[in-house]
Structure formats: C-alpha cells, structure tokens
Amino acid sequence: MKLKVCGMKTKDNILNVAKLNPDFMGFIFYKNSPRYFNSVIPELPEHIKKIGVFVDATYDYIKGIVQKHQLHGVQLHGNESPELCKQLQDLNCTVIKVFSIKDSFDFNTLEPYEDVCDFYLFDTKGKHPGGNGFTFDWTVLKNYSSIKPFFLSGGIGLNELNKLLSFLKRPEAVFCHSLDVNSKFETNLGLKNIEKLKEFKSLIQT
Ligand SMILES: O=C(O)c1ccccc1N[C@@H]1O[C@H](COP(=O)(O)O)[C@@H](O)[C@H]1O
C-alpha cells in the first residue's frame, strides 16, 4: 500500500519525512488552511512525488504553483470542474480529484471525471474543505463502481490501524492505491511526528 503524507510545512520536517520514503508528499496551497505552504520545497528524491493541494483555485494560480515548485500532481479539494481537471492533465500533471463523504455518496457524481483525472481521493466531509481529522464511514465504498485507483483519506492515524487493515482486506478496497495522512500525525499544525509515521508505514506495508 502506498503512502501520502500531506500538509507539510517546514524544511527540516520535510527532509525528515522524506527519509521515510513516502510515495507522495503534499503541500497545501489554500490560503485559509493553517497548513498553507508559502516557502520553498527542499530538493527531494525523484521517487517522492510532490503534490499540491488546492481548493477552488483558478487554472492560472494552479499552473503558476505547479511550475514554481515543479509539482508532479495536484489534489483538488473544491468544486473543480471536469474541464479544469482536463486542462491540468494537459499540463502533464497527475490529477487527484477529491470527493468528500459523510455517511452516503452518489457514485454517479464521479462519472464526468472518469476520463479527466488519474485518481480519486475520498475524504471526510466536515466543516473545512480538508484536514477535518476524522474518518468517514468507509463501508460507503462498497458501492464504488469505477476501476480508477483511489486514495483513502480523512482522519487516518495509528488508532485507525485495525479498522484500516480490515478494510483493506475487503473487495471494495481492491482499487485503494494509497493512504493519505495528515492531521493525525501532527505534533503541531503542519509538523509531522516521524516516529509515528515510521510505525504506520511499517504496519501498512507488511
Ligand atoms: O489540512 C488542511 O488544512 C487542508 C485544507 C484544505 C484542503 C485540504 C486539506 N487537507 C487535506 O485533507 C485530507 C484529510 O486530512 P486529515 O487526515 O483529515 O487531517 C488530506 O489530504 C489533507 O492533506
């Protein structure tokens, strides 16, 4: 199972997380987030893909950030249109389109995005567009009707591990490509706990 560590902020912490070799690292370019990234991403090993997180940003803003930080992909947490996703794919960007779930979800909503994004990401619907810090009812994914690989996100931490390992054995988890973690691994906003991440990574990859 692949791992994405999101909401990175400070240089030392970014470099320490990079030593764990996550598959993706996420940087939040949404100004209202306490994890808003407004710095320089230190050089990372090529195999760690840099993902920018956006909420209802314009094409020009996203394109500018992608080029400035040499991002591999974008994670779109707002009401971004399929047309915008397509424009971003044409930039050679991996597009991860986010859908937030509480206790039900109409999977027909995904249909217009099938050909214009590389991954879906299922997050928890809450007060904020992301980073709410609690899980949604993963049994909703029993009705997942696509074959596109998805990221599972929203409040995932070490306490969720048993539930997570059982979920990953279920048929609906066959398309679960990556686990996305954020606030549950923080010692402070944007600052990730390396020991907890190390433990989590070893347990999801055994
Ligand atoms: O973390 C934020 O502040 C944030 C703000 C706006 C959009 C996305 C944001 N975070 C992303 O949300 C998911 C779930 O996070 P959590 O595990 O519930 O804390 C994750 O991809 C975050 O990077």
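**Exercise 1.** In this predicted model, determine how the shell around the ligand divides by residue class, and which residues come nearest.

*Solution.* Sorting the shell by class gives 9 nonpolar, 14 polar and 4 charged residues. Turning next to distance, one finds that among the 27 residues around the ligand the nearest are Cys6, Gly130, Gly131, Asn182 and Ser183. Finally, looking at the strands, strand 2 (24–28) and strand 8 (176–181) each contribute at least two residues to this shell.

**Exercise 2.** Work out in which order the strands close into a barrel, and how strand 7 and strand 8 pair.

*Solution.* Following the pairing, 8 strands close into a barrel in the order 1-2-3-4-5-6-7-8, and the pairing is parallel. From one strand to the next, the twist averages 30 degrees. For strand 7 and strand 8, the parallel pairing extends over 3 bridges, and leucine 152 has leucine 179, in strand 8, as its bridge partner.

**Exercise 3.** Locate phenylalanine 136 in the chain, and decide whether phenylalanine 136 is buried or exposed.

*Solution.* Begin with the chain, where phenylalanine 136 sits in the loop that runs between strand 6 (119–124) and strand 7 (150–152). Then count neighbours: because 23 other C-beta atoms lie within 10 Å, and 20 or more is the cut-off, phenylalanine 136 is buried. Once neighbours within four places in sequence are set aside, its contacts are Ile101, Lys102, Thr124, Lys125 and Gly154. As a last step, take leucine 179, which is 43 residues away along the chain from phenylalanine 136, and whose C-alpha atom is separated from that of phenylalanine 136 by 14 Å.

Conventions
Residues are numbered from 1 along each chain as its sequence is written. This is a predicted model: local features need pLDDT of at least 70, side-chain atom pairs count only at pLDDT 80 or more; totals for chains, interfaces and linings use all residues. A residue is near a molecule or strand if its C-beta atom, placed from the backbone, lies within 6 Å of it. Helices (H or I, at least four residues) and strands (E, at least two) are DSSP runs, numbered from the N terminus. Ala, Val, Leu, Ile, Met, Phe, Trp, Tyr, Cys and Pro count as nonpolar, Asp, Glu, Lys and Arg as charged, and the others, Gly among them, as polar. Two residues are in contact if their C-beta atoms, placed from the backbone, lie within 7 Å. Two strands pair if DSSP finds at least two bridges between them. Axes are lines fitted to C-alpha atoms, for helices over the stretch in contact, and angles run from 0 to 180 degrees between N-to-C directions.
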